[in-house]
Amino acid sequence: MRNRSRRHQKSREAEGKDSSFSKSPKGRRGKSGKGSTPSKGPQFTFQSPGMKKVHIGRVQKNPRGFAFILPEERGQPDVYVGKNEANYLLNSDKVEYRVHRDGKRLSAEVLRVLEHGQSEVLGVVHKWRNGYVVSINENEGFVLDRRTPNPPEGEWVIAKFIEYPSKERPALVALKERLGPELTPRHDIEITVAKYGIENVYDPTAIREAESLRKDCDKELASPSKQRKDLRAL
């Protein structure tokens with residue numbers, strides 16, 4: 001009897017030692033040995049290694065204030081950026097960010113802006129506090145330089161960034177071009193350049209080549225080659 005009780009005590013002690021590893025999220029097998037049910041012990045949430053990695057992507061801003069980041073790396077999902085985090089970001093900014101899980105949704109923590117996607121903005125001049133702002137929508141505007149003479153309140157303008165926005169301060173812009181109280185089709189090129197950050201300053205060499213080609217075209221129009229058929233009258 002004593003030997004049995006000692007063996008029983010040793011087996012109980014062994015079970016107690018094994019129980020220190022019972023926090024593994026393994027389930028208990030059912031009668032069939034295939035299915036499993038979750039253990040009632042402590043549950044752990046494991047973070048994906050990809051969430052600690054630093055990613056690079058482009059900002060896609062929404063007029064309502066929030067944004068999404070479109071990653072450069074293939075196979076990675078677009079990531080949501082809340083209004084507070086997106087407040088100092090511009091459309092098409094190139095950023096470094098980390099991914100966090102916010103409930104069922106992935107959200108981004110922006111670490112820094114690598115490259116700004118816009119050098120100019122299109123908006124309407126409005127009075128604001130003791131100065132003026134260039135508003136691009138109901139949720140976003142940029143402070144107009146106080147040195148601007150006679151700010152055209154209520155007019156559409158193209159403004160150039162003097163200081164880009166940051167977490168510490170808003171952006172500062174200078175008036176570049178007045179478009180008037182209404183936008184018309186003749187403003188399409190200016191609107192597209194400002195809205196999408198298209199480069200409209202060209203290398204002098206490229207300009208000289210374009211001018212040379214134009215002169216060649218003028219000569220051809222003045223004295224067309226016999227190998228060509230003039231279809232301008234059609």
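A pocket, as the word is used here, is an open set of grid points with protein on both sides within 12 Å along at least five of seven lines, and its lining residues are those with an atom within 4 Å of a point. The model examined in these terms is a predicted one.

In this model the largest pocket encloses about 390 Å³ of space. Its lining comprises 19 residues, and those lying nearest the centre are Asn-91, Gln-118, Ile-136, Asn-137 and Lys-195. Three elements, β8 (120–128), β9 (131–137) and α3 (188–196), each supply at least two residues of this lining. By residue class, the lining of the largest pocket divides into ten nonpolar, five polar and four charged residues.

The strands β8 and β9 also belong to a barrel. Five strands close into this barrel in the order β8-β9-β10-β12-β11, with mixed pairing. From one strand to the next, the twist averages 50°. As a general matter, strands of a sheet pair through backbone hydrogen bonds, in either a parallel or an antiparallel sense.

The barrel may be followed strand by strand. β9 and β10 run antiparallel and are joined by four bridges; here Ser-135 stands opposite Gly-141 in β10. The next pairing, between β10 and β12, is in the parallel sense and extends over two bridges, with Val-143 opposite Leu-172 in β12. β12 is joined in turn to β11 by seven bridges, the two strands running antiparallel. Within that pairing, Lys-160 has Ala-174 of β12 as its bridge partner. β11 also pairs with β8, again antiparallel, through five bridges. Lys-160 reappears at this junction, where Glu-120 stands opposite it in β11.

The helix α3, already met in the lining of the largest pocket, lies across β8, β11 (156–163) and β12 (172–180). Relative to β8, α3 runs at about 90°.

A second pocket can now be placed in relation to the barrel. The second largest pocket has a volume of about 240 Å³. It is lined by 13 residues, of which Asn-87, Tyr-88, Gly-141, Pro-165 and Pro-170 lie nearest its centre. Strand β10 (residues 140–144) contributes the most to this lining, with three residues. Gly-141, one of the residues nearest the centre of this pocket, is also the residue of β10 that stands opposite Ser-135. The lining of the second largest pocket divides into five nonpolar, five polar and three charged residues.

Another pair of strands is formed by β6 (residues 94–102) and β7 (residues 105–115), which run antiparallel and are joined by nine bridges. One of the facing pairs consists of Val-95 and its bridge partner in β7, Val-113. β6 and β7 form a hairpin with two residues between them. In the turn, Gly-103 has a positive phi of about 70°.

Strand β6 is further linked through a side chain. Lys-94 and Glu-72 meet in a salt bridge, with an N to O distance of 3.6 Å. Because Lys-94 lies in strand β6 and Glu-72 in the loop between β4 (67–71) and β5 (79–81), this pair ties together parts that are 22 residues apart in sequence. The structure holds eleven salt bridges.

Key
Residues numbered from 1 in each chain as written. Predicted model: local features only at pLDDT ≥ 70, side-chain atom pairs only at ≥ 80, totals over all residues. Heavy atoms only, no water. 1 Å grid on protein atoms, 1.4 Å probe; cavity = no way out; pocket = protein on both sides within 12 Å on 5 of 7 lines; lining within 4 Å. Points joined across faces, edges and corners; volume = space filled by probe spheres on them. Nonpolar A, V, L, I, M, F, W, Y, C, P; charged D, E, K, R; others polar. Pairing = 2+ DSSP bridges. Axes fitted to C-alpha atoms, helices over the stretch in contact; angles between N-to-C directions. Contact = heavy atoms within 4.5 Å. Salt bridge = Lys/Arg side-chain N within 4 Å of Asp/Glu carboxyl O.
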